[in-house]
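Visitor: I keep hearing labels like "buried" and "edge-to-face". Could you walk me through how they get attached to a structure?

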Amino acid sequence: MCTRAMESDCRIPMACLRPRILALHALFWGLVSLRVFGAALLSDEKAAVAVTKAVTAPCWQLEEFVVAKECSACEGLQSKTIPACSQTGFVEKINCTKSNRDEYKSCRSTKMEEHLFWKFEGAMLALTVVFAILVVARQRSLDRQASDKVRRQIESI
């Protein structure tokens with residue numbers, strides 16, 4: 001509640017009119033307005049990018065296709081000339097049905113998946129062994145501390 005006679009004195013406290021506070025308010029509202037206007041500009045840019053992506057998208061994203069060559073590892077020359085090789089190191093040759101174009105699509109091979117699975121299993125087994133050793137060491141340390149405490153209590157009697 002306001003105890004002063006004039007109502008206008010109560011609306012904005014004098015502490016809010018300090019230069020540091022005013023600068024912080026200006027900075028805050030400036031950042032908020034940049035965020036709002038920036039989001040509006042980005043949504044316009046995203047719409048334009050989506051239109052250009054639809055034009056340049058590979059045929060296998062836009063239409064049905066048939067796998068001409070199963071998933072295989074990229075050789076040295078393929079990995080440099082085919083952009084799809086850089087994603088996983090494996091590609092499959094596909095034929096788009098409508099446009100009748102041959103393109104390459106990145107894929108994941110069963111050999112690679114199996115290798116990653118066993119690598120993960122090995123890492124989990126190693127972590128299990130490490131943490132089991134830590135638990136045993138900590139338990140021995142706590143047991144030693146408890147027996148020392150009991151021994152000290154018995155000696156003090």
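Guide: Sure! Keep in mind that this is a predicted model. Let's start with Phe117, which has 42% relative accessibility.

Visitor: Why is Phe117 called partly exposed?

Guide: Buried takes under 20% and exposed takes over 50%, with partly exposed in between. Phe117 comes in at 42%, so it counts as partly exposed.

Visitor: And what makes Trp118 exposed?

Guide: The bar is over 50%. Trp118 has 53% relative accessibility, so it counts as exposed.

Visitor: How many aromatic pairs does the structure hold?

Guide: Just one aromatic pair. The ring centres of Phe117 and Trp118 lie 5.0 Å apart, and their planes are at 75 degrees. Pairing needs centres within 6.5 Å, and planes over 60 degrees apart count as edge-to-face. That's why this pair gets the edge-to-face label.

Visitor: What does UniProt list for "transmembrane region"?

Guide: An unreviewed UniProt entry lists residues 21-42 and 116-137 under that name. In the model, the span 116-137 is 100% helix and 0% strand, with its end C-alpha atoms 32 Å apart.

Visitor: Now Glu92: why is it called buried?

Guide: Glu92 has 12% relative accessibility, and buried means under 20%, so the label fits. This residue sits in strand β2, residues 90-96.

Visitor: Which residues does Glu92 touch, leaving out those up to four places away in sequence?

Guide: Among them are Val67, Lys69, Glu70, Tyr104 and Cys107. Take Glu70: 22 residues from Glu92 in sequence, yet their C-alpha atoms are 5.2 Å apart in space.

How values were computed: Residues are numbered from 1 along each chain as its sequence is written. This is a predicted model: local features need pLDDT of at least 70, side-chain atom pairs count only at pLDDT 80 or more; totals for chains, interfaces and linings use all residues. Side-chain values use heavy atoms; hydrogens and water are left out. Rings of Phe, Tyr and Trp (its six-membered ring) pair if their centres lie within 6.5 Å; planes under 30 degrees apart count as stacked, over 60 as edge-to-face and the rest as tilted. Buried means under 20% relative accessible area, exposed over 50%, partly exposed in between (1.4 Å probe, protein chains only). UniProt positions are given in the numbering used here, feature names are shortened, and annotations may be inferred rather than shown by experiment. Helices (H or I, at least four residues) and strands (E, at least two) are DSSP runs, numbered from the N terminus. Contact means heavy atoms within 4.5 Å.
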